[in-house]
Amino acid sequence: MAHDTEKKVRKLSYGVYIIGANADGRLNGMTAAWVSQVSESPPMVSVCIDASHYTSEMIEKSKAFSVNVLSDKHFDLAMKCGFGSGRHTERLKDVELEFMVTGSPIIKGAAAYMDCQLRQVIDIGDGRLFIGEVVASGENDLPCMKFDSKRFFG
């Protein structure tokens, strides 16, 4: 992306999420910011993940994923799940989890969660756009963490 355009795109606002996956007897969570609602009826959300990421592979295999909406109290978890690969690290070790319809990991105490059944995958640029139907959801009375690149990357 041209440098001039990249600066403008970085002005878009995002929340901070942990995308959860469960495949081949392993759990994984990765920090993401590119999450969006794409349909009200049925309720559907999308998440864009680099095609080379372990989470992409796991979602493809399991046909499901979770979206955990983080609050500011989850900053350390966001950092833990945002760097390195879940292929080699148990990122969700010692995190209180629960499981709903799809078996994807739900973080207890998250501001909100959506348990999603995969409905469509679109290859787009260097990523994969996963569209999931929300089959279970919940929330707590916590404010949502906002993505700030300076906070995460210095």
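Is Lys63 buried, partly exposed or exposed? At 41% relative accessibility, Lys63 counts as partly exposed, because that value falls between the 20% and 50% cut-offs. The structure described here is a predicted model, and its chain averages a pLDDT of 89, with 91% of the residues scoring at least 70. The points below take up the confidence of the model, the nonpolar cores, helix 2, the backbone and the cysteines.

**Confidence**

- Within the chain, confidence is highest in strand 5, at a mean of 98, and lowest in helix 4, which spans residues 149–153 and has a mean of 57.
- Where pLDDT is low, the predicted coordinates should not be read in detail.

**Ile19 and the nonpolar cores**

- Ile19 lies in strand 1, which runs over residues 17–23, and this residue counts as buried because its relative accessibility is 0%.
- Once neighbours within four places in sequence are left aside, the contacts of Ile19 include Asn28, Gly29, Met30, Ala32 and Val35, and also Val47, Ile49, Thr55, Ile59, Phe65, Ser66 and Val67.
- The largest nonpolar core has 23 residues, and those that touch the most other members are Ile19, Val47, Ile59, Phe65 and Val67.
- Two or more residues are given to this core by each of strand 1, strand 2 (26–32), strand 4 (44–50), helix 2 (54–62), strand 5 (64–69), strand 8 (112–124) and strand 9 (127–139).
- Apart from this core lies another one, of 13 residues, which includes Leu70, Ala78, Leu92 and Val95.
- Val47, again leaving aside neighbours within four places in sequence, is in contact with Ile19, Ala32, Trp34, Val35 and Phe65, as well as with Arg128, Leu129 and Phe130.

**Helix 2 and the residue that follows**

- The buried residues of helix 2 are Tyr54, Thr55, Ser56, Met58 and Ile59, and what covers them includes strand 1, strand 2, strand 4, strand 5, strand 8 and strand 9.
- Helix 2 is followed by Lys63, which lies in the loop between helix 2 and strand 5.
- Lys63 and Ile19 are 44 residues apart in sequence, and their C-alpha atoms are 13 Å apart in space.

**Backbone features**

- Most residues other than glycine have a negative phi, and most peptide bonds are trans.
- Lys63, a residue other than glycine, has a positive phi near 60 degrees.
- Asp24 is likewise not a glycine and has a positive phi, of about 55 degrees; the place of Asp24 is in the loop between strand 1 and strand 2.
- Asp24 counts as exposed because its relative accessibility is 62%, which is over the 50% cut-off.
- The peptide bond from Ser41 to Pro42 is cis, with omega near 0 degrees, and Pro42 is found in the loop between strand 3 (35–39) and strand 4.

**Cysteines**

- A search of the whole structure finds 0 disulfides.
- Cys48 is in no disulfide, since the nearest cysteine sulfur, that of Cys116, is 15 Å away, whereas a disulfide requires sulfur atoms within 2.5 Å.
- Cys144 is also in no disulfide, and for this residue too the nearest cysteine sulfur is that of Cys116, 15 Å away.
- With a relative accessible area of 38%, Cys144 is partly exposed.

Definitions and conventions
Residues are numbered from 1 along each chain as its sequence is written. This is a predicted model: local features need pLDDT of at least 70, side-chain atom pairs count only at pLDDT 80 or more; totals for chains, interfaces and linings use all residues. Side-chain values use heavy atoms; hydrogens and water are left out. Helices (H or I, at least four residues) and strands (E, at least two) are DSSP runs, numbered from the N terminus. Buried means under 20% relative accessible area, exposed over 50%, partly exposed in between (1.4 Å probe, protein chains only). Contact means heavy atoms within 4.5 Å. A nonpolar core is a set of buried Ala, Val, Leu, Ile, Met, Phe, Trp, Tyr and Cys residues joined through side-chain atoms within 4.5 Å. pLDDT is the predictor's confidence in each residue, from 0 to 100.
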